[in-house]
Amino acid sequence: MQRVLCFVLGLVVSAGAAGGWLREQADIMGTRIVVELYHPDTATAQRGVDAVLAEMRRIDTTMSPFIDSSELSRVNREAGRHPVTVSGELFGLLQRAQRVSELTTGAFDVTFASVGFLYDYRQRVRPDDRQRKTATALVDYRQMVLDPARRSVYFRRPGMRIDLGGIAKGHAVDRCMRLLQDLGIDNALVRAGGDSRVAGERWGRPWTIGIRDPRDRDGVVAVIPLVDVAVSTSGDYERFFEQDGVRYHHIIDPRSGDSARGLRSVTIIGPDATTTDALSTSVFVLGLVKGLALVERLPGIDAILVDADGKLHYSSDIEPARKPDDGVKATSPAVAP
Ligand code: AMP
Ligand code: MG
């Protein structure tokens, strides 16, 4: 299976600076990275930007399933045969993924990749029913054994694979935010695709993030002001193709090995991006009723869901300032958390 990769294009576009404000973007981890930050000392601000981009690249080379030499690829090659000792960082993230799997009774499951690898959304490739069923039998986070004493990973079923696409970008964003804090940068936004985290303010006002209209590239269904939080959106429009009127996209229901189709997008707001990233993927798989029920149980977590008809649903702590009418776009600000 051929995958077109753009993990590091090295394409860094400086979108200009004002005072100590800097904004740069780059294509890393197969997604768009954005960093925007302020420090009164421009050299420190630039160090912050450089640190973020370097950290994103480092995490990509460790955790990408598409890079043969990555630690994750080594796990996928060997862990079905014997326990593989991994770095503390990867082990910690796998433990976190396991906890989310338990919390969501398996809606979030990094072993989804056992069947997920049979899809190629760019090439419009998907498994046939028989292939899908055989591969889905290998999906089960409980068969991925994590041994903290040896810091090792072992797959009880040979042929199992993992992919951290549902949690690694959030992890990367959190790591970058910590690096910025260490540099004394208190006003910043770091984004990796659909996963963002903000600190402080932007030009003296709260950061805002727009939630994309899942069926209109340029449309926004809500704009949320944010203070010191993380936001992640998972959507069925990120990577997909359509065949016979069915949308095949990158968020997989581990029970069926097929795309989860109850919702169009899920946005989660919470304290850190690792959590919001994993939960946005989880709630997408759980669907409207179970997904919102989970969010209501979790303190400090809020959600905005777009259902299969394009209707917006909010968790109870979010008060829509103005609910957009059907088909009406760009409300500013539509939602105040
Ligand atoms: P996100 O955009 O954060 O929702 O992440 C989507 C990515 O998560 C996909 O591209 C897969 O790499 C991964 N993924 C898909 N389905 C699942 C699942 N059920 N559990 C965990 N990760 C998943
Ligand atoms: Mg996610």
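Visitor: Why is Asp-140 called buried or exposed, whichever applies?
Guide: In this predicted model, Asp-140 has a relative accessibility of 9%. Buried means under 20%, so Asp-140 counts as buried.

Visitor: And what makes Arg-142 buried or exposed?
Guide: The relative accessibility of Arg-142 is 56%. The cut-off for exposed is over 50%, so Arg-142 counts as exposed.

Visitor: How do you know what kind of contact the side chains of Arg-142 and Asp-140 make?
Guide: Look at the N to O distance, which is 3.0 Å. A salt bridge needs a side-chain nitrogen of Lys or Arg within 4 Å of a carboxyl oxygen of Asp or Glu, so Arg-142 and Asp-140 meet in a salt bridge. Elsewhere, salt bridges that share partners join Glu-55, Arg-58, Glu-89 and Arg-175 into one network.

Visitor: What makes Glu-55 and Arg-175 a salt bridge?
Guide: Their side chains meet at 3.1 Å, N to O, and the limit is within 4 Å, so the pair qualifies. Glu-55 sits in helix H1 and Arg-175 in helix H6, 120 residues apart, which makes this a link between distant parts of the chain.

Visitor: Why is Arg-175 called buried, exposed or partly exposed?
Guide: Arg-175 has 27% relative accessibility. Partly exposed lies between the 20% and 50% cut-offs, so that is the label for Arg-175. Glu-55, at 8%, is buried.

Visitor: What makes Asp-277 and Thr-281 donors of the magnesium ion (ligand 2)?
Guide: Their donor atoms, Asp-277 (O), Asp-277 (OD) and Thr-281 (OG1), lie 2.1 to 2.4 Å from the ion. Donors must be within 2.8 Å of the metal, so these atoms count. Both residues lie in helix H7, four residues apart.

Definitions and conventions. Residues numbered from 1 in each chain as written. Chains lettered and ligands numbered in written order. Predicted model: local features only at pLDDT ≥ 70, side-chain atom pairs only at ≥ 80, totals over all residues. Heavy atoms only, no water. Donors = N, O, S within 2.8 Å, 3.2 Å for Na, K, Ca; no water. Helix = DSSP H or I, 4+ residues; strand = E, 2+ residues; numbered from the N terminus. Buried < 20%, exposed > 50% of the residue type's maximum accessible area, 1.4 Å probe, protein only.
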